[in-house]
Every structure is written in structure tokens, then in C-alpha cells.
Amino acid sequence: MPEAREPQDTGPPSPGAHLIHDPWETVQMARHPRRPYTLDYVNRIVERFTELQGDRRYGDDGAMIAGLGFLEEQPIAVIGQQKGRTAAERRERNFGMARPEGYRKAMRVMQLAARFGRPIITLIDTPGADCLEDSESRGISEAIAANQREMFGLPVPVISVVIGEGGSGGAIGIGVADRIYMQEYTYYGVIMPEACAAILWRDSSQSQRAAQVMQITASDAARLGLIDGIIPEPPGGAHKDYEQAALLLKEQLLKALAELKDIPGERLMEMRWEKFRKMAAPS
Amino acid sequence: MASPNDDIPPDLWEECKSCHQLLYAKELASELWVCSKCGHHMRLSVWQRLEITVDPGTFTETEGDLPLVDPLGFPDYMPKLVQARAKTHMNEAVLTGTARLHGHRIGLALMDLAFIGGSMGWVVGEKITRLMERCIAERRPAIVFCASGGARMQESLVALMQMPKTAGAVGRLGRAGLPYISVLTDPTYGGVTASYAFLGDVIIAEKGAAMGFAGPRVVEVTKMNLRPEVQTAEFQYRHGMIDLLVERAHLRELLADLLDWFQAGKG
């Protein structure tokens, strides 16, 4: 993986312009090997985190974190894909590519949170779900499909944040939320730019162009009305300052929780459905 | 060198892509486009599928007036859409409507691979969702014949967001007390498998259909280590992901039995 270039200063910023970055550079930043992962944030902003394990059907999945904790004394559940830092950890976490048991564990914990009226926070960071033979044999398509269907039925606030890679079905499998945010240097799309380039132009060296035309950055998604906001990162990206990145994330989560906490569950579910029902409808 | 087949008019004979047997086109229709020699199930256009599925003359198209959309202004996409329309005589990659099957009023969606690989963008997601909503409003069971390469790349995140929309719509149909039968035909991949295809109350697959979570082009370009036999209806069936693996010849009767079961006593 090429080392990410640092974002360049391109002259005097216009309002909001500081959140617009080159798409290919953004993809590199989203995959930066030192970028904070789900547990880096959980350990900084969630108090007394208790990780829960297993889908009660087959096994556990290190690529998906699910657990209970407190955000400023508010009980919440946290779900998120987890990547590894060392070579051994990366394998153990399957590079953040969750398997069916990961999605089913996530659903189990989300439904547990719903039963007790606790809001749910999902942190998305995956190049895509695992799609090899083991995952196929245990129904990766069904697991992701069922999660999307069931997330509409959670009568508690659900907040999703893309904190790195928002890779396709693997991402949306925990992404059906009342509020959807993307951090500044993240991407969210239906296919990796490299694969898009290889398919469209039979040339994976055109990845840069693919990243551009696919409009996968946070500012693209915001402009298209697909997300609710962009969470800024410390200068140079989240990996430059974990503490500040975590604070900025926490600030937005608290704001969103405050907006959603007094809305009755039935109303939340209806609003969530309306949000996705009308999303990207041509005007 | 001339081959012995050179003088055969192509419209009279069709070659089986699996065993290369030449099949008489007129007989092929009565065999439901299944090779009489090897049993290979040929891919069908939605019009062929309609003809062998619903009660004659009962299909009425719905949402056929939805416009083509290009939400990202993706290079070369709109001309491609226009071309696909001209080629398939479909308004998008899925045809939706109401019909009767074995006398039962149903909502029906049929996907066609010939329209940009049967891929799902905003229009396909919207048509599937509106079909489910119509089924709820008119108390109709829903049947969807899937055939798709996956989500439509040219609509990127907009295409991805059709997955929760259609999955949610299927969930609402179920909560309204109506059945949804998903029929997986050759091939069904990607964003369609990970949304409405694998959410059927009953999931049926045609024998020999290719299917899987990763699209074939993605598997190819990322050089993914995946045995070809994994991405088949037979593999999914063996692992409990599909209720029934059927020959096309038995499909209509099976749907009739299921509709009878779901609808008995419901008027």
C-alpha cells in the first residue's frame, strides 16, 4: 500500500472548503496503517466498555466488535468493524472484513440494546465483508440482508459513523441509522476504486480516476444528501492525533444523541424508514 | 473451411451454451428453454419468463414510466442506459407489475441481465420498493425473479443505499402479513443477494444458477481465492440458504402450490 501523502494547502479556504479533499488521497488516508480503528475510539470515549462475543449460532468474529458501555454516563451499545495493527492482528481481525457471525453478533447486541432502550452507535471501517467459501457457506448475503431489514425495527436511536473505509455491503450491514456521518478522510461506496477501474476500463491503474467519478468522499456524500454531516479530523488526519480525533467524534455523537433521545421509538423507526425510503430520490 | 452448420439459419436453431447441442428453436420454447440433451437452463428475457410463469394475458406493468437517472453524472452512463432501453424494450433492469398465477392475484418483479447486467441502481431499488408497497396496499403476495450482477457501479453510494431500502420494504411486507417468494435465477450476485434476494419467506433457485455475495467481475479482478463451485445454487442449497432447488419445468406448479398454501381462506 502506498504511503498516504499529506493533504496539501491549496490556498485560502472558503467556508467548508477545508473538508473537501482529493478523492484518491482520501482513500489512502482512510486506509492509513496508523489510522485509529474502532477500539482506539472506544477506549477513548466509551466508559466501562464490556465487549460481548459470539453470535450464539456458530462462533465469534474478531473483525466485528460489539459491546456495552457508557458515553458521558449514558448507557449505549457500540458496534464496529475492527482492523488489526500488526501482521498477526490483521489476520486475526481478518483485515476488518466481517463474516456472517460478525453481522449476526452485531444484530444480537443491537436487539439487546433495543430491549433495554439503549441507543446504538455503529462505527464503520471495512474494505468489504468477507466473501470467501466459509462465509458463503454460512450465508454472508443473508446475514447482511437480514441486518438491514432488522435495523429498521430497532426502537432506539441508531447513529452510524464511517471512520475509515465504508466498503459496500459490508458497511451497510451495520449502517441503517437515524444519523449517518463520515469523518473527513473516509470513503463510502459500492465498490473499491481499484475494482471499479479494473471492471470499467480494464485497468486498475485508473483507480485515481475511478475514485473521482464514483464520488465516494464525505463531501460528495454530503452534497448528494446521503449523509447528515462530516466530522472534522485533526490537521493532517485522525492518525496525527488520536485524542483530538476521538474528541471530535464524541462531540458529534453527543450532539446526535441529544437530538434523538426524546423521540419515541415508534416515531424513530418511522423516520428511519422515511430517511432511506426517500434517500437520493431525483427531485 | 466451411463447417456443416454454416447453412443453418440462426433463428431456427440455437446452440446450448453448456453442451453445444443445436436445438430447434420452436421446440426450445415448449421445453421452457431448457436443453433437451443436457438439462442446461438457458437465461431468459423477462418477456420469456412472463410467458412461462403467469396466467396468460393477466400481466399489467407498473412503474413503467420511471425516468432513467444518473445521480452522479457518471461518465458514459446515460448513453449506456439509453442503449440498454433500446436493446431490451424495458424501462430499467427490472420489470414490475401485477398478474395472476394459478388464479392468485400477485405482485411480480422480473430482472433482466440484458439491461446493464441486471444491476441495481436507484430505479431498480425504487421499483422493487414500490412493488412491495403496492403488494401491501392491494394485499398481494410478492414474487421476485432475481437475475443480477449486483449493485450498479455507476451509481456508487446511491446504488448501495438501494440495499437497505429494498430490505426494509421486504420487512414491511412481512409485517403486513403477506408472503414473499424469491426465485434466484442464473445469475444472482452482490448487492441483490445481500438485500431482497436472500430475504424471501421461501427461497427457490433454478438448477445450475450461479450466485454469490461477491460479483463475478470483482472475484476476477481482485483474483479472489474462490472455487467456482462455491458460487452456485447447489452450494447455497447444500448449506441451507435455499429452500428448494428446482428444474424450470416444475417451477410454475411449485409457485401455485405455495400461493394456494399462503392464500387459502384469505379470499
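Modeller: A polar contact is a pair of N or O atoms within 3.5 Å; within protein, one of them must be able to donate a hydrogen and the other to accept it. This is a predicted model, and between domain 1 of chain B and domain 2 of chain B the count is four residue pairs in polar contact, both at pLDDT 80 or more. On the side of domain 1 of chain B that touches domain 2 of chain B, the residues are four nonpolar, one polar and no charged.

Biologist: How many salt bridges does the rule find across that interface of domain 1 and domain 2 of chain B?

Modeller: There are zero salt bridges between these two domains.

Biologist: How should one read the area that domain 1 and domain 2 of chain B bury between them?

Modeller: The size of an interface is often given as the accessible area lost when the parts come together. Here the two domains of chain B bury about 700 Å² between them, with 64% of it on carbon and sulfur atoms. Leu32(B), Trp33(B) and His41(B) supply 83% of the area that domain 1 buries against domain 2, more than any other three residues.

Biologist: What area do chain A and chain B bury between them?

Modeller: The two chains bury about 4,200 Å², of which 71% is on carbon and sulfur atoms. Glu136(A), Trp273(A) and Arg277(A) provide 15% of the area that chain A buries against chain B, more than any other three residues.

Biologist: How many salt bridges are counted between chain A and chain B?

Modeller: The count is four. Arg227(B) pairs with Glu133(A) in a salt bridge whose closest N and O atoms are 2.6 Å apart.

How values were computed: Residues are numbered from 1 along each chain as its sequence is written. Chains are lettered from A and ligands numbered from 1 in the order in which they are written. This is a predicted model: local features need pLDDT of at least 70, side-chain atom pairs count only at pLDDT 80 or more; totals for chains, interfaces and linings use all residues. Side-chain values use heavy atoms; hydrogens and water are left out. Buried area is the accessible area (1.4 Å probe) that two parts lose on being put together, summed over both. A salt bridge is a side-chain nitrogen of Lys or Arg within 4 Å of a carboxyl oxygen of Asp or Glu. A polar contact is a pair of N or O atoms within 3.5 Å; within protein, one must be able to donate a hydrogen and the other to accept it, and residues adjacent in sequence count only if both atoms are side-chain atoms. Ala, Val, Leu, Ile, Met, Phe, Trp, Tyr, Cys and Pro count as nonpolar, Asp, Glu, Lys and Arg as charged, and the others, Gly among them, as polar.
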